[in-house]
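Me: Please take a close look at one part of this model, and tell me how far the prediction can be trusted there.

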Amino acid sequence: GIRHVVSPSISYNYTPDFSKPVLGRDLGYFERLEPDSGAAVFVDKFAGTLAGGTSRTERQSMSFSVNNVFQAKLIKDGKEKKIDLFSWRISTGHNFAAEQFNWSQLRSSFRANVIKKLNLDLTFTHDFYEFDKTSGKRVDVFRKNARGVPTPRLLDVRFSTGFRFTGKRLSALSEEKSSVDSVVVDERLDDANLGPDLGSFAAGSRDSKANLWKTSISVSYAYNNSNPLNPKKTFWMSTNSTFQVTANWRIQYNARFDLINKNLVSHSFSIYRDLHCWELSANWTPNGYASGLYFKLNVKSPTLRDLKIEQRGGVYQRPLF
């Protein structure tokens, strides 16, 4: 069976201008000073305090969103199983108090499960207003076609996906008595977690003895059309590979590629050694931002992690003891 679930949502928000009287009564948040020369000055009595400053901008907005979820129900081994095929969310808003550009940008996101544990994320942003190519700025004119139907202009689009491969040791495969290929798709990995973070690399839990290696791949594409006269696009691929040499030795390699210019943006090598109560880690970044060598020896106990020896070389070279 297939099911489509629609969840609309409407919200209203109002914030008054606290410097103006309400029903002929001063709210008392501001002190009005009228110097001999110049315009009146409003002094916020709560500025710089823990309560925070008082707003002098009136806001009156309404937000709209529609969330669509497409689901399927399967019968597997005599049992019913529900899965989410894909979701589609649209949202925008209208500011009644704004002097111009009352409508917010139209945002939409699409997410689909293509295969098990492999997701695709796609987001769009559209603008309801015209763009003047002569001045290079937005104009407060609602964009419509010849028939008067609103046709929002595409501002940007982003696409991302990621997955992880793992390979098991031969001994583990024989113990499982399975003829399945040792390379399996494990799970989606967010692009934000593919950077050369040595701290998480050294402090992470030890891999299972059955896993000999694992490789994560993330792909992201972005197209920005905010200025139609100068559109921009990026196409990145990031990889993270870890090889568990022994139970105590681990090697990691991170890399990021620019698929448009076809070059290697940055890469780094990391080595980690478990010394029982201590741990040793080293990270080498050959080129790019923060290139250099980073060495660290510290106590594994969380309460004594400040007991360490660090050495940095390269762009940010400075010894820490």
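Reply: What follows concerns strand β1 and the loop after it.

This is a predicted model, in which local features need pLDDT of at least 70 and side-chain atom pairs count only at pLDDT 80 or more, while totals for chains, interfaces and linings use all residues. Residues are numbered from 1 along each chain as its sequence is written, and side-chain values use heavy atoms, with hydrogens and water left out.

Strand β1 covers residues 2-15 and includes valine 6; strands are DSSP runs of E with at least two residues, numbered from the N terminus. Among the elements of the chain, β1 has the highest mean pLDDT, 93, where pLDDT is the predictor's confidence in each residue, from 0 to 100. For the chain, the mean is 80, and 83% of the residues reach 70 or more.

Valine 6 counts as partly exposed because its relative accessibility is 46%, the classes being buried under 20%, exposed over 50% and partly exposed in between (1.4 Å probe, protein chains only). Leaving aside residues up to four places away in sequence, valine 6 touches Val66, Asn67 and Asn68, a contact meaning heavy atoms within 4.5 Å. Serine 87 is 81 residues from valine 6 in sequence, yet the two C-alpha atoms are 10.0 Å apart in space.

In the loop between β1 and β2 (30-33) lies leucine 23, which counts as exposed because its relative accessibility is 86%.

Conventions. Helix = DSSP H or I, 4+ residues; strand = E, 2+ residues; numbered from the N terminus.
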